[in-house]
Every structure is written in structure tokens, then in C-alpha cells.
Amino acid sequence: KLAAVFAWDGIACAALLAFSGATDSDIGALTAGTAARLSRVWFRGCGLSDAAAEFLAAWPCARFVRELNLSGNRIGDRGAAALAASPHLPETCQLDM
């Protein structure tokens, strides 16, 4: 279900995550862990909703994320507001929705 490609860039681990049939609860399970220092996280076209965005917004390890791609999902105003108000996502994070 989850395919991940990790690359070391000298400072942090980057992850390109591609899901096939991922659900909001899959994102909840992922963010319940401590996958530290992921700088690039992509969940493109997964059919995710506001709940997945809320999980990501509450994820303490999101402080390392510099690129978060959520394009092609069903994230609405509630999820966008959660991401914008996240105390964990850095201001320098590039967010694609």
C-alpha cells in the first residue's frame, strides 16, 4: 500500500511517499509514529479529506517538513485552516494543495 523512497541530502532524510488507496486513517497511523526529519512528503491524488490534513497539522514531526504536497485530494476549508494554523509546520514549508 505504501511505497517510499528515502534519500539522504546531507542534513535530513527526504521521503517521497506514494500511496495507492490510502485512507485518512492510514495518514493518522503514519503521523502517530515518529518518522523524524522527513523534509519532503507527498500525498498526491489519494482522495484524502480534511481529517488527513488535521492529522498532518497535529503531527509534531511536521516541523522538519519543507515540502508537503497534498494536491489532487478532497481537502476543504477545514483541512486548509488546520494546516495554516499548525504549530508544527514551519513557515518555510512549501504546501501544494
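**Group meeting talk: a walk through the model**

Okay, let's start with the sheet: three strands make an open one, ordered 3-4-5, and the pairing is parallel. Strands 3 and 5 are the edge strands, and strand 5 covers 94–96; each has a single partner, so one side of each is left without a neighbour in the sheet. On average, neighbouring strands here are turned by 5 degrees against each other, if you ignore direction. And just as a reminder, strands in a sheet pair through backbone hydrogen bonds, and that can be parallel or antiparallel.

Before I go on, please keep in mind that this is a predicted model.

Let me zoom in on one pairing. Strand 4 and strand 5 pair in the parallel sense, over three bridges. If you want a spot to click on, try L68, which stands opposite L95 of strand 5.

Now let's zoom out. What does the whole chain look like in terms of secondary structure? It comes to three helices and five strands. Reading from the N terminus, the order is β-β-α-β-α-β-α-β. The chain has 97 residues, and 41% of them count as buried. I also looked at contacts with a separation of 6 or more: residues 24 or more positions apart account for 74% of those.

Next, the inside. Which residues have the most contacts within the largest nonpolar core? They are F43, L56, L68 and L83, in a core of 20 residues. The element that gives the most to this core is helix 2, residues 50–57, with four residues. You've met L68 already, as the partner across from L95.

So let's stay with helix 2. Its buried residues are D50, A52, A53, L56 and A57. Look down the helix axis and those residues fall within an arc of 160 degrees, so they line one face of helix 2. What do they pack against? The buried residues of helix 2 meet helix 1, strand 4 and helix 3.

Helix 1 is worth a look too. Here the buried residues are D24, I27, G28 and T31. They cover an arc of only 105 degrees around the axis, which puts them on the same side of helix 1. Turn to the face pointing away from that buried side and you find the exposed residues S25, A29 and A32.

On to the charged pairs. How many salt bridges does the structure hold? Two.

One of them joins R40 and E67, with the closest N and O atoms 3.3 Å apart. This pair links distant parts of the chain: R40 sits in strand 3 and E67 in strand 4, which runs over residues 67–69, and the two are 27 residues apart. Are the two ends buried or exposed? R40 counts as partly exposed, because its relative accessibility is 33%. E67, at 16%, counts as buried, because the cut-off for that is under 20%.

The other salt bridge is between E54 and R78, where the closest N and O atoms are 2.7 Å apart. E54 belongs to helix 2 and R78 to helix 3, residues 77–85, so this pair ties together parts that are 24 residues apart in sequence. For E54 the relative accessible area is 31%, so that residue is partly exposed. R78 has 49%, so R78 is partly exposed as well.

Two more residues before I stop. R37 lies in the loop that runs between helix 1 (24–32) and strand 3 (40–42). With a relative accessibility of 34%, R37 counts as partly exposed. Along the chain R37 and V65 are 28 residues apart, and their C-alpha atoms are separated by 7.2 Å.

And then M97, in the segment after strand 5. What does M97 touch, once you leave aside its neighbours within four places in sequence? The list is L70, S71, I75, A80 and L83. You'll recognise L83 from the residues with the most contacts inside the core. M97 itself is partly exposed, with a relative accessible area of 46%. From M97 to F43 is 54 residues along the chain, and the C-alpha atoms of that pair are separated by 9.9 Å.

That's my tour; over to you for questions.

Technical notes. Residues numbered from 1 in each chain as written. Predicted model: local features only at pLDDT ≥ 70, side-chain atom pairs only at ≥ 80, totals over all residues. Heavy atoms only, no water. Core = buried A, V, L, I, M, F, W, Y, C linked by side-chain atoms within 4.5 Å. Buried < 20%, exposed > 50% of the residue type's maximum accessible area, 1.4 Å probe, protein only. Salt bridge = Lys/Arg side-chain N within 4 Å of Asp/Glu carboxyl O. Arc of directions from axis to C-beta. Contact = heavy atoms within 4.5 Å. Pairing = 2+ DSSP bridges. Axes fitted to C-alpha atoms, helices over the stretch in contact; angles between N-to-C directions.
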